[in-house]
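I opened this entry to keep track of what I looked up, beginning with the ligand and then moving outward to the fold.

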Amino acid sequence: MKFDVLTLFPEMFEPIKQSIIGRAMEKSLIDINLINIRDFSKDKHKKVDDTIYGGGAGMLIKPDVVYDAYKSVKTENSKVIYLTPQGKKLNQSKVEELAKEEHLILLCGHYEGIDERVLEKIVDEEISIGDYVLTGGEIPAMVLIDAVSRYVEGVLTKDSTEEESFSNGLLEYPQYTKPKEFEGMKVPEVLQSGHHENIDKWRRKEAIKTTYIKRPELLEKVNLTDEEKKYLEELKNNKD
Ligand code: 21W
């Protein structure tokens with residue numbers, strides 16, 4: 001998977017080159033290429049913005065500079081995503097869908113905004129990461145890269161992506177390590193029993209309980225067995 005990021009602040013992307021994503025880059029499983037939009041300014045002062053037609057305060061990123069930056073990286077199979085507060089909210093199913101692409105070009109939004117014409121010309125999809133205001137699209141671009149990269153073959157070890165939160169529609173079951181007793185709190189007996197069928201059942205029930213308590217709205221989309229439905233009804237009747 002290749003990510004080309006069009007941004008005025010490429011230095012902001014240093015933190016993402018750590019840990020799992022850093023290792024994936026070293027292994028060439030993913031490639032993150034940072035393009036400084038300012039490098040495509042034709043101006044002797046490297047100016048990239050200008051005043052806004054119709055008046056009002058502030059400036060706007062010029063269309064030609066963004067277009068030239070885009071042309072320097074685009075291929076036949078590129079998908080261009082504009083990170084903007086006006087975009088569709090990112091969720092796990094969108095993440096999985098994007099992971100099937102071979103080349104994503106991420107255009108980072110900016111408080112100043114970008115001339116509408118170049119957006120109309122190059123953007124395939126607009127994405128937001130949630131309804132709160134940030135200072136730019138750089139952190140959202142990193143969020144997207146991080147979430148999508150996890151689905152690239154070889155980035156994570158074995159199990160991880162299928163068993164986790166959201167993939168079965170439920171939140172995760174609680175987990176425990178040593179010591180067996182901590183501050184008077186014991187590790188549940190069943191987890192020490194070695195009885196894998198019972199352990200699986202217990203974990204699934206705990207996942208249902210956690211989801212019911214923390215994010216009940218998620219349960220509407222989950223398929224439960226008759227036994228699990230009964231268990232959920234019991235939880236609902238024990239609201240004390
Ligand atoms: C903040 C961009 C405010 C635009 C009149 C017209 C990208 C983001 C962003 C930002 C404005 C995302 C204006 C969740 C976010 C992002 C910076 C409004 C001023 N006045 N997801 N335009 N939250 N944010 N522009 O903030 O670029 S994805």
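**Ligand site**

I began with the polar contacts, and in this predicted model I found a backbone N or O atom of Ile 129 lying 3.0 Å from a nitrogen atom of the ligand. I then looked at Tyr 111, where a polar backbone atom is 3.2 Å from a nitrogen atom of the ligand. For Leu 134 I noted a polar backbone atom 2.8 Å from an oxygen atom of the ligand. I next looked up the accessible area, and the ligand taken alone exposes 600 Å², of which the protein buries 71%.

Which elements give two or more residues to the shell around the ligand? I found strand S5 (78-89) and strand S7 (125-128), and S5 gives the most, with 3 residues. I listed the surroundings as well: 17 residues surround the ligand, and the closest are Tyr 111, Ile 129, Gly 130, Tyr 132 and Leu 134. When I sorted the shell by class, I obtained 9 nonpolar and 8 polar residues, with no charged residues.

**Sheet**

Having met S5 and S7 in the shell around the ligand, I followed both strands into the sheet. I read the order as S2-S1-S6-S5-S7, with 5 strands that form an open sheet and pair in parallel. The edge strands are strand S2 (31-36) and S7, and each of them pairs on one side only. From one strand to the next, I recorded a twist that averages 30 degrees.

I also looked up how S5 and S7 are joined, and I counted 5 bridges between these two strands, which run parallel. As a point of register, I wrote down that Ile 81 stands opposite Glu 125 in S7. As background, I reminded myself that strands of a sheet pair through backbone hydrogen bonds, either parallel or antiparallel.

**Domains**

I turned to the domain assignment of the protein chain, which gives domain 1 (2-157) and domain 2 (181-239). Their C-alpha centres lie 40 Å apart.

**Backbone geometry**

Finally I checked the backbone, keeping in mind that most residues other than glycine have a negative phi, and that most peptide bonds are trans. Where is the cis peptide bond? I located this bond from Lys 178 to Pro 179, with omega near 5 degrees, and I placed Pro 179 in the loop between helix H6 (160-163) and strand S8 (181-182). I also noted Ser 28, a residue other than glycine with a positive phi, near 60 degrees. Ser 28 is found in the loop between helix H1 (19-26) and S2, and S2 is one of the edge strands I had entered above.

Notes:
Residues numbered from 1 in each chain as written. Predicted model: local features only at pLDDT ≥ 70, side-chain atom pairs only at ≥ 80, totals over all residues. Heavy atoms only, no water. Near = heavy atom within 4 Å. Polar contact = N/O pair within 3.5 Å; in protein donor to acceptor, adjacent residues only side chain to side chain. Areas by Shrake-Rupley, 256 points an atom, 1.4 Å probe, with all protein chains shown as cover. Helix = DSSP H or I, 4+ residues; strand = E, 2+ residues; numbered from the N terminus. Nonpolar A, V, L, I, M, F, W, Y, C, P; charged D, E, K, R; others polar. Domains from an automatic or database assignment. Pairing = 2+ DSSP bridges. Axes fitted to C-alpha atoms, helices over the stretch in contact; angles between N-to-C directions.
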